[in-house]
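Got your viewer open? Load the model below and follow along, one selection at a time.

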Amino acid sequence: MINIKENEHLSIMNHSCAHLLAQAVKHIYPNALFWVGPVIEEGFYYDIDLGDETLTEEALEKIEREMKKIAKDGKRIVREEISKADALEKFANDPYKVDLISRMDEDEQVISCYTQGDFTDLCRGPHLESVKELKFFKLIKFSGAYWKGDAKNKMLQRIYGVCFENEEDLNAHLAELEEAKERDHRKIGKEQELYMNHELVGAGMPLWLPNGSIIRKQLENYIYEKEQKLGYDHVYTPCVGTVDLYKTSGHWDHYKENMFPMMKVDEEEFVLRPMNCPHHMLIFKNKMHSYRDLPVRIGEFATDFRYEASGAVKGLERVRCMCQNDAHLFVTPEQIGEEFKKVVSLILDVYRDFGLQNYKFRLSLRDPEDKEKYFDDDQMWNEAEAKLREVLNELGVEYFEAVGEAAFYGPKLDVEVKPAVGPEVTLSTCQLDFLLPRRFELSYINSKGEKETPVVLHRAIFGTFDRFTAFIIEETKGRFPTWLSPVQVKVIPVNAEFQGDYGKEIKDYLAENGIRVELDDRNEKLGYRLREAQTQKVPYTLILGDAEKENNTISYRLHGEKDTTTLPKEEFLKMLKEEIESKSLRK
RNA sequence: GCCGAAAUAGCUCAAUUGGUAGAGCAACUGAUUUGUAAUCAGUAGGUUACGGGUUCAAGUCCUGUUUUCGGCACCA
């Protein structure tokens with residue numbers, strides 16, 4: 001997908017198109033007031049106050065027609081510079097413009113306006129020469145959006161659109177949007193029976209169906225093995241904790257709003273846990289630790305519950321019940337860098353195994369101005385942030401910094417990915433924590449025989465199994481590598497009557513050797529059964545006729561390919577097993 | 001949570017201004033016995049998400065709830 005914001009000409013074009021949109025809206029809704037209309041990666045939008053009016057699909061079409069009309073008329077776009085005082089006077093009746101102008105820098109005394117025909121908008125520019133250059137655009141969608149992005153403010157109407165230089169690019173873009181819907185994990189999840197939801201179970205509470213459960217189990221086994229080799233100790237802990245546990249950790253004060261409400265049993269107060277840190281802190285505290293034991297790495301596939309806003313839940317990506325691929329690493333201050341490095345290396349290793357390339361590392365730092373949101377210890381923050389940067393540079397990892405995105409208790413490194421539909425989400429995370437060990441009064445004995453407080457690294461490589469599965473579905477478009485495929489082999493005898501027994505024999509042979517195999521000996525034509533195997537995206541389809549039966553061979557066809565290969569069954573099994581064990585990616 | 005939209009058979013969708021809820025696929029039964037993406041015929045399948053209201057009459061209009069979708073906000 002073309003990133004419009006990064007292409008200078010397209011960027012200018014889309015910005016001018018945003019103005020064209022505003023002009024058209026003004027023609028149809030004379031009382032409309034305009035906030036801002038920036039260019040974004042996928043095009044542009046404009047935030048508009050329409051008073052009591054609400055938009056509809058029809059209104060959007062009408063606006064688009066009006067835009068075409070204005071563009072065809074072909075007025076020039078004229079820049080004019082006026083003083084701040086003049087601007088305030090000119091836009092005196094527009095509270096949004098007054099707000100914008102009055103918040104501009106003191107030294108910015110000249111303000112630019114752009115006029116096209118009967119419409120003038122405050123704007124830094126630059127713009128196209130004329131609106132007649134705008135020919136290939138489309139309004140995509142509309143929605144509400146809070147003024148200044150603050151939920152305490154009034155909600156404006158936001159219209160999204162996109163503009164290109166020619167029809168081909170526009171059509172290609174629209175086709176890509178359609179294609180994205182096709183690989184949406186919610187669509188594939190339903191088609192391939194990976195998971196379901198039910199309103200009686202509740203929003204954001206997915207039920208993993210047998211097919212999805214196979215994938216999840218494979219992911220669990222995969223990461224468990226990796227973590228074992230890296231010295232992690234896996235544990236099981238309860239999904240509930242007392243309120244006091246979360247008061248001790250501090251989550252009760254900072255996170256209560258996002259937890260399911262407290263439940264009272266007799267006189268005790270419990271909550272469903274939203275994270276596992278407190279439990280793992282107590283496991284660390286269960287015995288004395290020497291500096292020689294550290295790092296201690298406690299891992300768990302832990303089910304957590306978070307009361308996500310109703311408007312936020314989405315498929316397997318944003319849920320209220322999730323399973324974290326969680327671990328807490330207890331380290332000495334000196335070990336922070338080395339251990340952080342190991343985590344980042346593990347992330348890179350895993351992403352390589354899955355062939356993932358479209359992700360970004362985000363180093364989330366505190367906003368030093370915001371004393372409310374962040375644990376107050378300047379030295380701790382500065383040292384920790386410097387340490388993380390140092391390791392990332394050492395590893396040569398590309399990353400960007402996000403001020404104000406850190407957790408309350410420390411800086412973190414997140415991996416951001418873009419789902420088929422919707423904004424970016426965090427997959428992997430590694431967070432530094434100086435606070436929780438203190439709150440739980442954790443200690444280890446250092447080399448001088450003194451008690452010292454360890455530092456904790458929270459980390460989740462897959463993030464949650466739910467979200468990672470969603471992402472893998474979209475990355476593979478439902479064509480999972482063989483090791484993850486719910487069904488790895490489909491056996492189809494040409495004729496059930498003549499080769500049915502042979503089909504059963506082959507199926508049993510593969511199943512006994514640990515292959516996930518299904519036999520389709522229904523009384524249907526070969527083409528019909530083959531088609532179904534293809535639409536289900538089964539990696540290997542075996543076709544067994546008289547020739548195969550006589551020679552004790554199998555003929556296989558790879559998903560998406562037309563030709564078949566004939567092999568003795570032992571050779572096929574050997575090949576398949578190698579592919580599965582090496583976790584090969586699909587070509 | 002907020003601004004909008006939507007919910008009809010297992011799935012994908014129809015159903016003029018309010019006037020007998022249909023189709024394709026899937027399922028089931030039978031015929032057909034198949035060599036690389038859909039064989040034919042028949043059968044069954046619904047309190048139109050759930051509650052309340054308006055009306056002679058509601059899938060359709062009003063209203064509450066739930067869920068879903070597009071965004072926004074949130075994401076210790």
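Start by selecting Tyr 146: one of its polar side-chain atoms sits 2.6 Å from a base nitrogen of RNA strand B. That is a polar contact, meaning a pair of N or O atoms within 3.5 Å; within protein, one must be able to donate a hydrogen and the other to accept it, and residues adjacent in sequence count only if both atoms are side-chain atoms. Keep in mind that this is a predicted model, where local features need pLDDT of at least 70, side-chain atom pairs count only at pLDDT 80 or more, and totals for chains, interfaces and linings use all residues. Residues are numbered from 1 along each chain as its sequence is written, chains are lettered from A and ligands numbered from 1 in the order written, and side-chain values use heavy atoms, without hydrogens or water.

Next, click Phe 408, where a backbone N or O atom lies 3.0 Å from a base nitrogen of RNA strand B. Then try Asp 546: a polar backbone atom there is 2.7 Å from a base oxygen of the strand.

Now select everything near RNA strand B, that is, residues with a heavy atom within 4 Å of it. You get 51 residues, and among those that come nearest are Tyr 255, Ser 310 and Arg 531. Which helix gives the most to this surface? Color α16 (526-535): it supplies seven residues. Helices here are DSSP runs (H or I, at least four residues), strands too (E, at least two), numbered from the N terminus.
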